[in-house]
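Dear colleague,

I am handing over the structure below, together with some notes on what was found in it. Please read them with the structure open beside you.

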Amino acid sequence: MGTIIRTLLLTALFYLLARVVQYFLSRFLTSSPKVEEGDGPILVQCVKCGTWTPKETVFKRGEHIYCSENCAAG
Ligand SMILES: [Zn+2]
């Protein structure tokens with residue numbers, strides 16, 4: 001019984017670790033706001049959470065671009 005719980009905990013831990021590493025890698029690789037231009041709507045990246053949002057719907061505060069009011073407030 002204890003072994004099963006330990007295995008489950010280790011699996012969860014490894015999964016969490018992989019997600020955290022992936023998150024920080026994506027944050028590191030895309031640290032500055034960029035504008036992506038293409039055929040579709042122009043997407044800009046939120047400086048807080050990294051979400052790509054259509055340019056028309058973003059929130060701007062100074063030079064920073066946010067995906068939502070929530071991110072702009074934080
Ligand atoms: Zn955001």
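To begin with one position, His64 belongs to strand S5, which covers residues 64–66. Please keep in mind throughout that the model is a predicted one. His64 counts as partly exposed because 14 other C-beta atoms lie within 10 Å, a number that falls between the limits of 12 or fewer for exposed and 20 or more for buried. Along the chain His64 and Cys46 are 18 residues apart, yet their C-alpha atoms are separated by 8.0 Å.

Strand S5 runs over residues 64–66, and Ile65 and Tyr66 are among the six residues of the largest nonpolar core, together with Val44, Val58, Cys67 and Cys71. Within that group, Val58 is in contact with Val44, Ile65, Tyr66 and Cys67, and also with Thr53, once its neighbours within four places in sequence are left aside.

Helix H2 spans residues 69–73 and includes Glu69. Glu69 is exposed, because 9 other C-beta atoms are found within 10 Å. The C-alpha atoms of Glu69 and Phe59 are 6.4 Å apart in space, although ten residues separate the two in sequence.

Finally, helix H1 takes in residues 2–29, and at 1.5 Å a residue its 28 residues should span 40 Å; the C-alpha atoms at its ends are 40 Å apart, so the expected span and the model agree. H1 is also hardly covered, with a count of zero buried residues among its 28.

With best wishes

Conventions: Residues are numbered from 1 along each chain as its sequence is written. This is a predicted model: local features need pLDDT of at least 70, side-chain atom pairs count only at pLDDT 80 or more; totals for chains, interfaces and linings use all residues. A nonpolar core is a set of buried Ala, Val, Leu, Ile, Met, Phe, Trp, Tyr and Cys residues joined through C-beta atoms within 7 Å. Two residues are in contact if their C-beta atoms, placed from the backbone, lie within 7 Å. Helices (H or I, at least four residues) and strands (E, at least two) are DSSP runs, numbered from the N terminus. The expected span of a helix is 1.5 Å times one less than its number of residues.
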